Amino acid sequence: MIFDRYEHVGLRHNPFAVVDHQSELAEDLFVDRGLAPPPPPGSSTLVQLIGAKGMGKTTHVHHWRRAAPGPYHYVPFEPYRQRWSRPPIGPIVYADEIDRMPHLVRSNWFRRAAAARSTLVAGTHVDLELQAQRSGLAVVAHHLGPVDHETLAVMVDRRLCLAALSPNGDRFAFSAVELEQVLARSRGVLRIAEGLCHELLAEHVR
């Protein structure tokens with residue numbers, strides 16, 4: 001079998017190989033980075049998670065959505081085809097990549113959310129506080145930067161535990177030196193660190 005070589009280190013497979021987007025967002029893989037939860041639904045607030053690509057914004061948005069369900073709106077990389085698109089409104093709404101929205105679409109959405117007393121929880125690469133406040137929304141901002149050694153170690157251990165053949169048996173672990181090297185090479189970007197861990201583990205079982 002293709003994954004037999006991982007059995008020798010107590011693993012079913014390489015846990016850093018993300019099969020699809022949803023597996024990446026699984027609750028079992030979530031690593032708490034100490035962010036306060038969003039305000040309750042109906043608070044006329046924009047909660048924005050600001051950070052570069054791969055810093056964990058989408059993972060946090062979906063973690064909060066599991067605790068307080070609501071509509072989810074993803075803004076694709078391609079521009080909106082319709083200038084008058086209307087993202088969803090509700091007591092609490094989750095969204096990602098909202099900085100990609102045309103300015104007018106986003107302003108209309110913010111105003112509709114303020115009028116409906118919605119709580120918007122969204123990932124963005126840029127700070128949208130001024131636009132949200134002008135539209136009548138209060139703003140809570142979380143800046144997601146590079147992870148530290150402790151957070152990376154927790155993330156790595158979480159994935160290795162989930163892939164372990166026996167939860168209580170011996171299993172593979174990276175050395176502290178290896179983790180420091182991954183952290184340095186990835187510059188603290190989780191998505192890059194996961195890719196480096198995938199390569200490093202594959203090297204170990206060759």
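Colleague: In this predicted model, how many bridges join β2 to strand β3?

Modeller: There are 3 bridges between β2 and β3 (residues 92-96), and the two strands run parallel. Within this pairing, Tyr72 is placed opposite Tyr94 of β3.

Colleague: What is the order of the strands in the sheet?

Modeller: The order is β2-β3-β4-β1-β5, an open sheet of 5 strands with parallel pairing. At its edges stand β2 (72-74) and β5 (138-143); each has a single partner strand, so one side of each lacks a neighbour in the sheet. From one strand to the next, the twist averages 15°.

Colleague: Which strands does helix α3 touch?

Modeller: Helix α3 (residues 57-67) packs on the sheet and touches β1 (45-50), β2, β3, β4 (119-124) and β5. The direction of α3 makes about 160° with that of β4.

Colleague: And which strands does helix α4 lie across?

Modeller: Helix α4 (residues 103-115) lies across β1, β3 and β4. Relative to β4, helix α4 runs at about 150°.

Colleague: Let us turn to β1. How many of its residues are buried?

Modeller: In β1, 6 of its 6 residues are buried, and the strand is mostly covered.

Colleague: Which residues lie on each face of β1?

Modeller: One side carries Thr45, Val47 and Leu49, and the other carries Leu46, Gln48 and Ile50. These residues are all buried, and both faces of β1 are thus covered.

Colleague: How many bridges does β1 form with β4, and how many with β5?

Modeller: The pairing of β1 with β4 is parallel and comprises 6 bridges. With β5, β1 also pairs in the parallel sense, over 6 bridges. Leu49 illustrates both pairings: opposite Leu49 in β4 stands Gly123, and in β5 the bridge partner of Leu49 is His142.

Colleague: A change of topic: what span should α6 have, given its 14 residues?

Modeller: At 1.5 Å a residue, α6 should span 20 Å. The C-alpha atoms at the ends of α6 are 20 Å apart, which agrees with that expectation.

Colleague: Which residues of α6 are buried, and where do they fall around its axis?

Modeller: The buried residues in α6 are Thr151, Leu152, Met155, Val156, Arg159 and Leu160. Viewed down the axis of α6, the buried residues fall within an arc of 165°, so they line one face of the helix. As a general point, an α-helix has 3.6 residues a turn, so residues three or four places apart point the same way.

Colleague: What covers those buried residues?

Modeller: The cover for the buried residues of α6 includes α7 and α8 (190-204).

Colleague: Where does Gly169 lie, and is Gly169 buried or partly exposed?

Modeller: Gly169 is in the loop between α6 (149-162) and α7 (176-186). Its relative accessible area is 30%, so Gly169 counts as partly exposed, the range for that term being from 20% to 50%.

Colleague: How far apart are Gly169 and Gly10?

Modeller: In sequence, Gly169 and Gly10 are 159 residues apart, while their C-alpha atoms are 7.6 Å apart in space.

Colleague: Finally, the chain as a whole. How many helices and strands does the chain have, and what pattern does the chain follow?

Modeller: The chain has 8 helices and 5 strands. Along the sequence, the pattern is α-α-β-α-β-β-α-β-α-β-α-α-α.

Colleague: What share of the residues is buried, and what area does the chain expose?

Modeller: Of the 206 residues, 45% count as buried. The exposed area is about 11,000 Å², of which carbon and sulfur atoms supply 55%. Regarding contacts between residues at least 6 apart in sequence, 73% join residues at least 24 apart.

Note on methods:
Residues are numbered from 1 along each chain as its sequence is written. This is a predicted model: local features need pLDDT of at least 70, side-chain atom pairs count only at pLDDT 80 or more; totals for chains, interfaces and linings use all residues. Side-chain values use heavy atoms; hydrogens and water are left out. Helices (H or I, at least four residues) and strands (E, at least two) are DSSP runs, numbered from the N terminus. Buried means under 20% relative accessible area, exposed over 50%, partly exposed in between (1.4 Å probe, protein chains only). Two strands pair if DSSP finds at least two bridges between them. Axes are lines fitted to C-alpha atoms, for helices over the stretch in contact, and angles run from 0 to 180 degrees between N-to-C directions. Contact means heavy atoms within 4.5 Å. Accessible areas come from the Shrake-Rupley method with a 1.4 Å probe; for residues, only the protein chains shown count as cover. The expected span of a helix is 1.5 Å times one less than its number of residues. The arc is that of the directions from the helix axis to the C-beta atoms.
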